[in-house]
Amino acid sequence: MTSFDTSPTLTVWRALLAVAVVFVMLATTGWSAVRDQQADGPRELALAAWARDRIAGHSLPETNAPAYRLAHFFATLTSGQRFALAGKYPSVVGNLDGAPVTLRYHANRVALRQAAAVEKVRAHDDKLSPDGRDEAQARLDRFRSLLRGERQILAFDPSGKGRAAEVFGDLDRAARVSVVVPGVDTHLLTLERSKRKYAAPVGMAESLYGAERSASPGTRTAVIAWADYTSPAGLGMDAALGGLAADGAIRLNAMVGALPGTSKVSLFCHSYGSVVCGVAAHRAPDRVADIAVAGSPGMRAANAGQLETGARIWATRDGDDWIGDVPHMEFGGIGHGADPVDPAFGARIVSAAGAAGHSGYFEPGTESLDNFAAIGVGAYGSVSCASADSACHSGISGERNG
């Protein structure tokens, strides 16, 4: 259970702590944030070549065209033409909202093999420092891991620290789709972990997919580990500001809007990922039925109403999550607003019993995971409310299973 002390003394203490945090951040990171996601030469060349190319006598569509227009373009091609484009421009097709998802999986396997070949050379390049070679080997290992089996990579960009997204389940046939939006320090090397597996995006999504299938075996579900935005590096100024969240929100809404079919979508947003989801909420596609946040520093809103969305807002936090000690406030653009698990915020507060610390919400056996699974499949009656909110079921007229 989370307690909320609103005494004047604590309010003043939190305000002073917030000022101290800002000064520490400025002293250690400065106002200028380092951007790890720089333009990648090969990808830029591929985009330029795509813009000049033609197929069957017709120009290729602009890559920033609406998803429905891109979907129509691919529908007019033969299978051979689609796969030829994926083979020629894997880094473009593999990240193109509106392209068939199975074609994107194929294109990203091609892109992964190409990226692995580059890192294999770099890992043995004597011109690099030992640290540089070690990083190249780590990236090579990650790319090889993503190539194993029949993994479904929906997005892949190795430039900078890298971005990616992976799908569990059949996205084309799913009636319910869940999207896991992770927080700080998310990049290719932290995409998955062998230790603390369920603290990394892939482990979170895999765990949620298993829990959803157990919760409702008859529901056609899919889960996306969405690490396809540039997240803050550590707890510096970027983590206290909303710039990266705003950029991530645009990418998130574009991805959701381009999903195939008419599936209902639930967003599960952890830590800084909840800032991304909060910023995205007011422009989220109508298919987004639920937004659930865990370990949230705030959603850049004073209350749930300010999110301006028809989606249900759910929130949870474990009692020993350190994020609870961070001041939930906003001043001059710094900070992310009110605490989503404060009853005054207006979210549906659910139990996180069994979750340990800031990164334990997707651990099997926890009530937080069980609650996420129930939300994801639309089994709202199975959600366990937190003791701070005995009415998290209020206003839900029924379940919406697929």
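In this predicted model, strand β9 and strand β10 (residues 348-349) pair in the parallel sense through 2 bridges. Within that pairing, Ala-315 has Ile-349 of β10 as its bridge partner. Strand β9 also pairs with β8, again in the parallel sense, over 5 bridges. Two of the residue pairs in that ladder can be named: Ala-292 is bridged to Trp-314 of β9, and Val-293 is bridged to Ala-315 of β9.

**The sheet and its covering**

These pairings belong to an open sheet of 8 strands, arranged in the order β3-β4-β6-β5-β7-β8-β9-β10, with mixed pairing. The edge strands are β3 (152-157) and β10, each of which pairs on one side only. Helix α6 (residues 101-122) packs on the sheet, where it touches β3 and β4 (163-169), and its direction makes about 50° with that of β3. Helix α12 (residues 367-377) packs on the sheet as well, touching β5, β6 (221-227), β7, β8 and β9; the direction of α12 makes about 155° with that of β7.

How is strand β9 (residues 312-316) placed, covered or not? Strand β9 is mostly covered, with 5 of its 5 residues buried. In a regular strand, side chains alternate between the two faces of the sheet. In β9, Arg-312, Trp-314 and Thr-316 point one way, while Ile-313 and Ala-315 point the other way, and all are buried.

**The nonpolar cores**

In soluble globular proteins, nonpolar side chains tend to be buried together. The largest nonpolar core here has 45 residues, and those with the most contacts inside it are Leu-171, Val-179, Ile-224, Leu-252, Leu-267 and Ile-291. Helix α10 (residues 243-257) gives the most to this core, contributing 6 residues. A second, separate core holds 43 residues, including Val-223, Trp-314, Ala-352 and Ile-396. The Trp-314 of this second core is the β9 residue that is the bridge partner of Ala-292.

Leu-252 illustrates the contacts of the largest core. Apart from residues up to four places away in sequence, Leu-252 touches Val-179, Val-181, Trp-226, Leu-267, Val-276, Cys-277 and Ala-280.

**Helix α11 and the helix pairs**

Helix α11 (residues 272-280) is mostly covered, with 8 of its 9 residues buried. The buried residues are Tyr-272, Gly-273, Ser-274, Val-275, Val-276, Cys-277, Gly-278 and Ala-280. They pack against β5 (176-181), α9 (237-240), α10, β7 (264-270) and β8 (288-294).

Two packed helices are described by the angle between their axes and the distance between the axes. The table gives these values for two pairs.

| Helix pair | Angle between axes | Axis distance |
|---|---|---|
| α10 and α11 | about 65° | 8 Å apart |
| α8 and α12 | roughly 65° | within 8 Å |

Angles of 65 to 115 degrees count as roughly perpendicular, and α10 and α11 are therefore roughly perpendicular to each other. Helix α10 passes α11 in a right-handed crossing. On the α10 side, the residues that meet α11 are Leu-244, Ala-245, Ala-246, Gly-248, Ala-249, Leu-252 and Asn-253. Their counterparts in α11 are Tyr-272, Val-275, Val-276, Cys-277, Val-279 and Ala-280.

For the second pair, the axes of α8 and α12 come within 8 Å and cross at roughly 65°, which makes α8 roughly perpendicular to α12. The crossing of α8 and α12 is right-handed. Helix α8 makes the contact through Ser-207, Leu-208, Ala-211, Glu-212 and Ala-215, and helix α12 through Leu-369, Phe-372, Ala-373, Gly-376 and Val-377.

**The loop between β5 and α8**

Two residues of this loop may be described individually. Thr-186 is found in the loop between β5 and α8. Is Thr-186 buried or exposed? With a relative accessible area of 7%, Thr-186 is buried, because residues under 20% are counted in that class. Thr-186 touches Pro-201, Ala-227 and Ser-231, residues up to four places away in sequence not being counted.

Ala-199 also lies in the loop between β5 and α8 (201-215). Ala-199 is buried, its relative accessible area being 14%. Which residues does Ala-199 contact, leaving aside its neighbours within four places in sequence? They are Arg-193, Met-204 and Ser-359. Ala-199 and His-358 are 159 residues apart in sequence, yet 8.9 Å apart in space, C-alpha to C-alpha.

Terms used:
Residues are numbered from 1 along each chain as its sequence is written. This is a predicted model: local features need pLDDT of at least 70, side-chain atom pairs count only at pLDDT 80 or more; totals for chains, interfaces and linings use all residues. Side-chain values use heavy atoms; hydrogens and water are left out. A nonpolar core is a set of buried Ala, Val, Leu, Ile, Met, Phe, Trp, Tyr and Cys residues joined through side-chain atoms within 4.5 Å. Buried means under 20% relative accessible area, exposed over 50%, partly exposed in between (1.4 Å probe, protein chains only). Helices (H or I, at least four residues) and strands (E, at least two) are DSSP runs, numbered from the N terminus. Contact means heavy atoms within 4.5 Å. Two strands pair if DSSP finds at least two bridges between them. Axes are lines fitted to C-alpha atoms, for helices over the stretch in contact, and angles run from 0 to 180 degrees between N-to-C directions. Angles under 35 degrees count as roughly parallel, over 145 as roughly antiparallel, 65 to 115 as roughly perpendicular and the rest as oblique. A crossing is left-handed if the near helix is turned anticlockwise from the far one by less than a right angle, and right-handed if clockwise.
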